[in-house]
Structures are given as structure tokens and as C-alpha cells.
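I opened the notebook to record, entry by entry, what I looked up in this model. My interest was in the overall fold and in where charged side chains pair or fail to pair.

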Amino acid sequence: MNEFLQKEEKIVELLRTVFDPEIPVNIYDLGLIYKIDLQDDGVLNLDMTLTAPSCPAADFLMEDIRMKLLSMDEVKTVNINLVFEPEWTKDMMSEEAKLELNLL
């Protein structure tokens, strides 16, 4: 496996440790992560959304994401871009997340 894929896998692994306090599924499997872009200079740009624009846990989630991703040696800066297009739907969830929430 090449170095880029190993870094991206590590990022995904860390994102899978971030949970919305109200939902027992991690943000990656919920489908909240739209883009992961790690630059050669260590700048990580992340596009993500929320299950609802008024999510009360938004600040908590973004700080948890930032702290966990900065624990990687390769990541020097984390830029989280909160987007609402496309709008999040339950269809974006992984099969595992749907099973966990009894949506299948």
C-alpha cells in the first residue's frame, strides 16, 4: 500500500473515533465526511456536514476532530470546512451505521 493511502486510512481510522453525543455511530460511518485532502506540507483540509444545520454538538465535534487529527505526525494544520451542500440524508450512512440505528 502506498504512503498516501496509509495516511488516508489513518485519518479515516481517527475519524471513526469521533461520535456525535446523541448518536451511537461515528461521524465517518454517518456519512458526515465529504472530503479528505492531506497536502504534502501537512495541511489537512476536511469538508464535512452535520445531520442538521443547528446541531448543538457542532463545536464539540469539530474540536474533537481537530485534536485527534493533529495527533498524527504528518498533520500540521487541520482546516474543517463545514458545508451543507449536498444536504446530508440517511442514504449517506454506511450499511453498518444503518444496522446500528435499526434503519435497515
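The entries below go from the whole chain to single residues.

**Entry 1: the model and its fold**

I note at the start that this is a predicted model, and I read every value below as computed from it. I counted three helices and three strands in the protein chain, and, following the sequence, I wrote their order down as α-β-β-α-β-α. I then looked up the extent of the C-alpha trace, which spans about 40 × 30 × 25 Å along its principal axes. The radius of gyration is 14 Å, and because a compact globule of 104 residues would have a value near 13 Å, I recorded the two as agreeing.

**Entry 2: burial, surface and contacts**

I found that buried residues make up 41% of the 104 residues in the protein chain. The chain exposes about 6300 Å², and carbon and sulfur atoms supply 50% of that area. Of the contacts with a separation of 6 or more, 59% are between residues 24 or more positions apart.

**Entry 3: salt bridges**

How many salt bridges does the chain have? I obtained a count of four, and I wrote out three of them here, including two that lie within helices.

In helix H1, which covers residues 3–15, I looked at Lys10 and Glu13, whose side chains meet in a salt bridge with an N to O distance of 3.9 Å. The two are three residues apart in that helix, so they are separated by about one helical turn. Lys10 is partly exposed, with a relative accessible area of 34%, and Glu13 is also partly exposed, at 49%.

In helix H2, residues 58–69, I looked at Glu63 and Arg66, which are likewise three residues apart and therefore about one helical turn from each other. Their closest N and O atoms are 3.9 Å apart, and the pair forms a salt bridge. I noted Glu63 as partly exposed at 40% relative accessibility and Arg66 as partly exposed at 26%.

For a pair outside the helices, I turned to Asp29 and Arg16, whose side chains meet in a salt bridge at 3.2 Å, N to O. Both residues are in the loop between H1 and S1, 13 residues apart, and the pair links distant parts of the chain. Asp29 has a relative accessible area of 12% and is buried, whereas Arg16, at 38%, is partly exposed.

**Entry 4: Asp47, an acid without a salt bridge**

Which side chain of opposite charge is nearest to Asp47, and how far away is it? I found that it is Lys35, at 4.0 Å, and that Asp47 is buried yet has no salt bridge. Side chains of opposite charge can pair when their charged atoms come close, but I kept to the recorded result and did not count this pair as a salt bridge.

I placed Asp47 in strand S2, residues 43–48, and Lys35 in strand S1, residues 33–38. At 37% relative accessibility Lys35 counts as partly exposed, whereas Asp47 is buried.

I then asked what the side chain of Asp47 makes a polar contact with. The partner is the side chain of Asn81, at 3.2 Å. Not counting residues up to four places away in sequence, Asp47 touches Leu32, Ile33, Tyr34, Lys35 and Asn81. Looking from the other side, and leaving aside neighbours within four places in sequence, I found Lys35 in contact with Asn45, Leu46 and Asp47. I also looked up Lys35 against Ile80, which is 45 residues away in sequence, and found their C-alpha atoms 9.9 Å apart in space.

**Entry 5: backbone details**

I checked the peptide bond from Glu85 to Pro86 and recorded it as cis, with omega near -5°. Pro86 is in the loop between strand S3, 77–82, and helix H3, 95–100.

Lastly, I looked at Asn102, a residue other than glycine with a positive phi, near 55°. Asn102 is found in the segment after H3, and I noted it as exposed, with a relative accessible area of 69%.

Key: Residues numbered from 1 in each chain as written. Predicted model: local features only at pLDDT ≥ 70, side-chain atom pairs only at ≥ 80, totals over all residues. Heavy atoms only, no water. Helix = DSSP H or I, 4+ residues; strand = E, 2+ residues; numbered from the N terminus. Buried < 20%, exposed > 50% of the residue type's maximum accessible area, 1.4 Å probe, protein only. Lys, Arg positive; Asp, Glu negative; His and termini not counted. Polar contact = N/O pair within 3.5 Å; in protein donor to acceptor, adjacent residues only side chain to side chain. Contact = heavy atoms within 4.5 Å. Rg over C-alpha atoms; globule rule 2.2 N^0.38 Å. Areas by Shrake-Rupley, 256 points an atom, 1.4 Å probe, with all protein chains shown as cover.
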